[in-house]
Protein chains: 2
Amino acid sequence: MTLGHGAGGKLTHDLVEEVFLSRLDSATLGELGDAAVLARPLAGRFAFTTDSFVVRPLFFPGGDIGKLAVNGTVNDLAVSGAEPLYLSAGFILEEGLEIDVLHRIADSMAAAARTAGVEIVAADTKVVERGKGDGVFINTAGVGRLLDGQALSPKAAVAGDRLLLTGTLGDHGLSVYLARQDLGIEVPVQSDCAPLNQILLPMLREFPGEIRFMRDLTRGGAATILNELAAQGGNEVLVDEEAVPVAPAVRGACEMLGFDPLYLANEGKALVVVSAAAAEKVLEFLRARDLGRNAAIVGEVRGAAPSGKPIVLLRTSVGGLRILDPLIEDQLPRIC
Amino acid sequence: MTLGHGAGGKLTHDLVEEVFLSRLDSATLGELGDAAVLARPLAGRFAFTTDSFVVRPLFFPGGDIGKLAVNGTVNDLAVSGAEPLYLSAGFILEEGLEIDVLHRIADSMAAAARTAGVEIVAADTKVVERGKGDGVFINTAGVGRLLDGQALSPKAAVAGDRLLLTGTLGDHGLSVYLARQDLGIEVPVQSDCAPLNQILLPMLREFPGEIRFMRDLTRGGAATILNELAAQGGNEVLVDEEAVPVAPAVRGACEMLGFDPLYLANEGKALVVVSAAAAEKVLEFLRARDLGRNAAIVGEVRGAAPSGKPIVLLRTSVGGLRILDPLIEDQLPRIC
């Protein structure tokens, strides 16, 4: 990769044709206009989101920056109750990057987009000098159509609502950490990077009005999201540590390395706040699907915080109660 | 800026609140959800675009990376015939960045969004280690509603159509170059960074069916865009060098430095391909507006290339004809 590849001229044009057009199966992208003119009209209510990805290393067990960039934005739309439709992809490449690396990332994005059922319709590449970037950064933005009749919000949570996790915690964060450090220990763990629209949108359709709020558990982990839930609704929230699903290999490695799975990033797991009445049925629905097979009910909303101060309480495995703080400093930078 | 500011926890939350929410006047952004739920339903045909900005230096005469990031995406939508509505903003920050720099950039983005009439509804921040980025990179993506009844395309150009430039060439590229090099010469030039929706959309509405194609003249400059016009329509295109508007200060500096204004990037200028019948009236319309006051008709589409090979011919000031090639290598990297 040279600076000329980012200059907008013939080299940029050739790069886009060779790397992206051949892989990303989109007639819209193929037009190479300044903006993508969407093939179908839009009608209804929509969600719009953006996320940049700076994960290191670029490739790790279970995924890579390209798969992550597609699923990350797909998931942000899905937890908002929106069917992901269109994605854009903006690349910031470092001079000297091997073109083969970009080929592999584009392949991975194309596969992830097919799996998630979204179309990458707009792309942009920029190149910065060696030492001014770090291989590849990717931004994806996404447009999704909101399902009718949903009003998901942390403020919709009421006393008695159940907290449900769609699967085990910590797999992504730990697998990226291990890939980065090369500690020489073999841990059978891989990133959970996956498109949550595949389970969350069918769930929303199946249980209209029963789902209060959803959020994927990325940077900051479950602990941070639980604190946002409490803070935005002014609630006290209780989590049962024993009920939190964690794969045995992840639990073991976390104990050895001093990590808490509640603070590790996930890329294919969500918190779902659901009415008490529907909680068991929602759990059953999720468990019947591959991406939700380890789902669990892990706690509940206790209602307005008695002290007036929103709080997340953790009932620990030895039976005590402690406050679960949000993440303040980072235990693992550049995890996504 | 520390790595913790990018970790997704409390520091990230505080950064977003302090820097962005206070400035970007958006109730939607204020919800801080995973995706922005757009306040109004959408109906009609839409365009979607993305662009990353890596300009160096971050501040230059006439603009900065924030203003550029807003207007760049606004312009990509406008030249596609779409009214820009919603923008997202993704920041990749380098550890050690002064928070004050980010404040100034956010101020500038807020002002640019107000001027352009768009709402920044979604934002994301990531932080990379010192030496793995370069201060601030910004990605913006944008959604715009296509005006009815337009079918803009380079393939719509036919023999006799006129080529119109909305203003002088080279101001942005030169001003960034001079700000970067600190050559110690005083040149009264500043970036033309501006929201072209303000003139191009009223023009489209005023002259329905007469505008064939538009493109803003960013990376690669007018020469590259003219070549794309020729290539995609299979046409021979003729440009009269004497008719190309260039500010005297820009012309002088280009001669001194060996730059050709036809290859310099612009951030507030577009090529408009217009029917011969409407060309003079469109010119008059643009010249009556501040952002189009230096508009000029600079050439025409001559129809299918006689050799079968699309080509851009330049009638030089001494009367000869030469081929105007697209940009191949970069004369000025990181200009946007």
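# Notebook: a two-chain predicted model

**Entry 1: a helix in chain B.** I began with helix α5 of chain B, residues 171-181, and found that nine of its 11 residues are buried, so the helix is largely enclosed by the rest of the structure. A reminder to myself before going on: this is a predicted model.

Which residues of α5(B) are the buried ones? I listed B:Asp171, B:His172, B:Gly173, B:Leu174 and B:Ser175, then B:Val176, B:Tyr177, B:Leu178 and B:Arg180. Next I wanted to know what these buried residues pack against. Their partners in chain B are β4 (59-60), α3 (65-79) and α8 (248-257). Just past the end of the helix I met B:Asp182, which follows α5(B) and has a positive phi, near 50°.

**Entry 2: backbone details.** I looked for cis peptide bonds and noted one in chain A, joining A:Arg56 and A:Pro57, with omega about -5°. On the map of chain A, A:Pro57 sits in the loop that runs between β3 (46-53) and β4 (59-60). Then I turned to chain B, where the bond from B:Arg56 to B:Pro57 is cis, with omega near -5°. B:Pro57 belongs to the loop between β3 (46-53) and β4 of chain B.

I also checked positive phi values. A:Arg334 is a residue other than glycine, yet its phi is positive, near 55°. I found A:Arg334 in the segment after β15 (321-323) of chain A. Is A:Arg334 buried or exposed? Its relative accessibility is 5%, and buried means under 20%, so A:Arg334 counts as buried.

For chain B, I wrote down B:Arg334, again a residue other than glycine, with a positive phi near 55°. B:Arg334 lies in the segment after β15 (321-323) of chain B. At 5% relative accessibility, B:Arg334 counts as buried.

**Entry 3: two domains in chain A.** The domain assignment splits chain A into domain 1, residues 3-146, and domain 2, residues 154-323. I looked up the separation of their C-alpha centres, and it is 28 Å. Where the two domains of chain A meet, 21 residues of domain 1 are in contact with 24 residues of domain 2.

How much area do domain 1 and domain 2 of chain A bury between them? I noted about 1800 Å², with 58% of it on carbon and sulfur atoms. On the domain 1 side of chain A, the residues that lose the most area to domain 2 are A:Pro61, A:Asn75 and A:Val79, which together make up 29% of what that side buries.

Then I went through the polar links. One salt bridge is counted between domain 1 and domain 2 of chain A. I also looked up a salt bridge of A:Glu83, whose side chain meets that of A:Arg205, at 2.7 Å from N to O. Polar contacts across this domain interface of chain A come to 10 residue pairs, both residues at pLDDT 80 or more.

Which elements of chain A supply at least two residues each to the side of domain 1 that touches domain 2? They are α3 (65-79), β6 (82-94) and α4 (99-116). The largest share, nine residues, comes from α3(A). Sorted by class, that side of domain 1 of chain A has 11 nonpolar, six polar and four charged residues.

**Entry 4: where the chains meet.** My last stop was the interface of chain B and chain A. I read off 75 residues of chain B in contact with 75 residues of chain A. The area buried between the two chains is about 5900 Å², and carbon and sulfur atoms give 56% of it. B:Asp34, B:Phe48 and B:Arg219 are the residues of chain B that lose the most area to chain A, together 15% of what that side buries.

How many salt bridges does the rule find between chain B and chain A? There are 10. I also noted a salt bridge of A:Asp134 with B:Lys132, in which the closest N and O atoms are 3.9 Å apart. For polar contacts between chain B and chain A, the count is 24 residue pairs, both residues at pLDDT 80 or more.

I finished with the makeup of the side of chain B that touches chain A. Strand β7 of chain B, residues 119-128, gives the most to that side, with eight residues. By class, that side of chain B divides into 36 nonpolar, 20 polar and 19 charged residues.

Conventions. Residues are numbered from 1 along each chain as its sequence is written. Chains are lettered from A and ligands numbered from 1 in the order in which they are written. This is a predicted model: local features need pLDDT of at least 70, side-chain atom pairs count only at pLDDT 80 or more; totals for chains, interfaces and linings use all residues. Side-chain values use heavy atoms; hydrogens and water are left out. Domain bounds come from an automatic or database domain assignment. Contact means heavy atoms within 4.5 Å. Buried area is the accessible area (1.4 Å probe) that two parts lose on being put together, summed over both. A salt bridge is a side-chain nitrogen of Lys or Arg within 4 Å of a carboxyl oxygen of Asp or Glu. A polar contact is a pair of N or O atoms within 3.5 Å; within protein, one must be able to donate a hydrogen and the other to accept it, and residues adjacent in sequence count only if both atoms are side-chain atoms. Helices (H or I, at least four residues) and strands (E, at least two) are DSSP runs, numbered from the N terminus. Ala, Val, Leu, Ile, Met, Phe, Trp, Tyr, Cys and Pro count as nonpolar, Asp, Glu, Lys and Arg as charged, and the others, Gly among them, as polar. Buried means under 20% relative accessible area, exposed over 50%, partly exposed in between (1.4 Å probe, protein chains only).
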